[in-house]
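Let's take a walk through this structure together, from the DNA-facing surfaces to the protein interior. Keep the viewer open as you read.

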2 protein chains.
Amino acid sequence: MSLRHAVLGLLTVQPSTGYELTQRFDKSLANAWHASHSQIYPELAKLQDEGMVEVVGEGARRSRTWAVTDAGRDELRRFMTEAEPVRSQRNETAVRWFLVDLLEPADKRKALERELAFCEAELERLTAIAAAIDASEGPKRFRGTVDLGLRMTGVMRDWLQEQLSRA
Amino acid sequence: MSLRHAVLGLLTVQPSTGYELTQRFDKSLANAWHASHSQIYPELAKLQDEGMVEVVGEGARRSRTWAVTDAGRDELRRFMTEAEPVRSQRNETAVRWFLVDLLEPADKRKALERELAFCEAELERLTAIAAAIDASEGPKRFRGTVDLGLRMTGVMRDWLQEQLSRA
DNA sequence: GCCATCATGTAATTAGTTACATGATTAG
DNA sequence: CTAATCATGTAACTAATTACATGATGGC
């Protein structure tokens, strides 16, 4: 189960409230993992029971800021270095791209155009994130990951354009 | 829900038994969707109830070959052309690559090397599939999808090598 | 005062995994 | 004849989504 490790990882980068975590899942981990608040709050409670996270601050609207404990850091390290990676994916976009070959030309073109628009938007989104990191002070962590996303999305865009020009 | 559309798609390409479908999920859709037999058999039954698949042959070991009906083809087309794509992913490997920046150098190098080995293996797997398609007669469907996989995995390998050389 | 958004939670349902179970066929 | 693999199914459990529910705060 990877939800808890994603939570531990995000909280290691930066202590957050449950609400902020839900947003960070869709920003930082948009291409990796999705979790909604109804999953995150119970998971934080479970992690707290197990001593892996703790409340380090309370703010307005009875919000609580969570941080990783030493036990949590140990568990995250164990996951990253010792646990056997689970490689299976669940990616509806990839299913669609696989199945696009089954469509007749007109439908295929329309589908490819929609996907192309998605890639362009994603490139823009990642470019903005990269610029923000570059403009910031400090260690520029995750700049590499953003760069990987940019390269992958670039490959996808090129591929879609080729498919379109042939369709 | 994408399982049923993956099933309809795979059966559109080639009628199969449930057993064959489980294998095709891990071969053709390895980088898109995973489903185990305990999910596939009930889904075939449900699709049959809804008139979207039918038994077109029976073989040894009481195996049954399933094919898509017109209603199934309609549903697949509707999914591909009209349904709003769900973009969220669930990809533990991507989570790991994101979190690798949190590790100290020695752990990081070890983690990157493991991922690099995975990419090399994946490149080999895809190269073999591409060669098989190229050697075959007929329309060479999905050759493009395999090529996309090769390009993406190539980008990943290069990125991992760069990260390693800097770690 | 009221609307948007921040913020947290639970309940009901659906999807997916792991474990259990069984029988048929083929290769050695 | 027996072990491996083919082939199908169900049961128990865990994970995830969708829907329901409530209250706080800040901007207008």
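A polar contact here is a pair of N or O atoms within 3.5 Å. With that in hand, one case can be read straight away: an N or O atom in the side chain of A:R90 is 2.8 Å from a phosphate oxygen of DNA strand C. Please bear in mind that this is a predicted model.

**The surface near DNA strand C**

Which residues are the closest to DNA strand C? They are A:Y19, A:H37, A:R64, B:S38 and B:Q39, out of 19 residues that surround the strand. Of the atoms of DNA strand C that come within 4 Å of the protein, 66% are accounted for by sugar and phosphate. The polar contacts reach several parts of the strand. While A:R90 meets a phosphate oxygen, A:R61 has a polar side-chain atom 3.3 Å from a sugar or linking oxygen. From the other chain, B:S38 places a side-chain N or O atom 2.5 Å from a base oxygen. Two or more residues each come from helix 2 (18–27) and helix 3 (37–49) of chain A, and from helix 3 (37–49) of chain B. The biggest contribution, three residues, is from helix 3 of chain A. By residue class, this surface has five nonpolar, nine polar and five charged residues.

**The surface near DNA strand D**

Now turn to the other strand. Around DNA strand D there are 19 residues, and those that come nearest are A:S38, A:Q39, B:Y19, B:R64 and B:R90. Sugar or phosphate holds 66% of the strand's atoms within 4 Å of the protein, and bases hold the rest. A base oxygen of DNA strand D is 2.6 Å from a polar side-chain atom of A:S38. Two tyrosines of chain B meet phosphate oxygens of this strand: B:Y19 at 2.5 Å and B:Y41 at 2.8 Å. The elements that supply two or more residues are helix 3 of chain A, along with helix 2 and helix 3 of chain B. Here helix 3 of chain B gives the most, with three residues. The surface is made up of five nonpolar, nine polar and five charged residues.

The side-chain distances to both strands are gathered here for easy reference.

| Residue | Partner atom | Distance |
|---|---|---|
| A:R61 | sugar or linking oxygen of DNA strand C | 3.3 Å |
| A:R90 | phosphate oxygen of DNA strand C | 2.8 Å |
| B:S38 | base oxygen of DNA strand C | 2.5 Å |
| A:S38 | base oxygen of DNA strand D | 2.6 Å |
| B:Y19 | phosphate oxygen of DNA strand D | 2.5 Å |
| B:Y41 | phosphate oxygen of DNA strand D | 2.8 Å |

**A pocket in the protein**

The second largest pocket encloses about 360 Å³ of space. Its lining has 14 residues, and B:Y19, B:Y41, B:R62, B:S63 and B:R64 are the closest to its centre. At least two lining residues come from each of helix 2 (18–27), helix 3 and strand 2 (64–68) of chain B. Helix 3 of chain B supplies the most, with four residues. The lining divides into six nonpolar, four polar and four charged residues.

**Helix 5 of chain A**

Why is helix 5 (residues 92–99) of chain A described as largely enclosed by the rest of the structure? Because seven of its eight residues are buried. These are A:E92, A:T93, A:V95, A:R96, A:W97, A:F98 and A:L99. Within chain A they pack against strand 3 (89–91), helix 6 and helix 7 (143–166), and from chain B against helix 1 (3–13), helix 4 (70–81) and helix 7 (143–166). At the N-terminal end of the helix sits a cap: a side-chain oxygen of A:N91 lies 3.1 Å from the backbone nitrogen of A:T93.

**Two residues on helix 6 of chain A**

A:K108 belongs to helix 6 (residues 105–135) of chain A. With a relative accessible area of 16%, A:K108 counts as buried. Its side chain makes a polar contact of 3.2 Å with the side chain of A:D101. Beyond its neighbours within four places in sequence, A:K108 is in contact with A:V100, A:D101, A:L103 and A:A167.

A:R114 is also in helix 6 of chain A, but is partly exposed, at a relative accessible area of 25%. Residues up to four places away aside, A:R114 touches A:R96, B:M80, B:T81, B:A83, B:P85 and B:R87. With B:A83, the side chain of A:R114 reaches the backbone oxygen at 3.4 Å.

How values were computed
Residues are numbered from 1 along each chain as its sequence is written. Chains are lettered from A and ligands numbered from 1 in the order in which they are written. This is a predicted model: local features need pLDDT of at least 70, side-chain atom pairs count only at pLDDT 80 or more; totals for chains, interfaces and linings use all residues. Side-chain values use heavy atoms; hydrogens and water are left out. A residue is near a molecule or strand if one of its heavy atoms lies within 4 Å of it. A polar contact is a pair of N or O atoms within 3.5 Å; within protein, one must be able to donate a hydrogen and the other to accept it, and residues adjacent in sequence count only if both atoms are side-chain atoms. Ala, Val, Leu, Ile, Met, Phe, Trp, Tyr, Cys and Pro count as nonpolar, Asp, Glu, Lys and Arg as charged, and the others, Gly among them, as polar. Buried means under 20% relative accessible area, exposed over 50%, partly exposed in between (1.4 Å probe, protein chains only). Contact means heavy atoms within 4.5 Å. On a 1 Å grid over the protein atoms alone, a cavity is a set of points where a 1.4 Å probe fits but cannot get out, and a pocket is an open set with protein on both sides within 12 Å along at least five of seven lines; lining residues have an atom within 4 Å of a point. Grid points are joined across faces, edges and corners, and a volume is the space filled by probe spheres set on the points.
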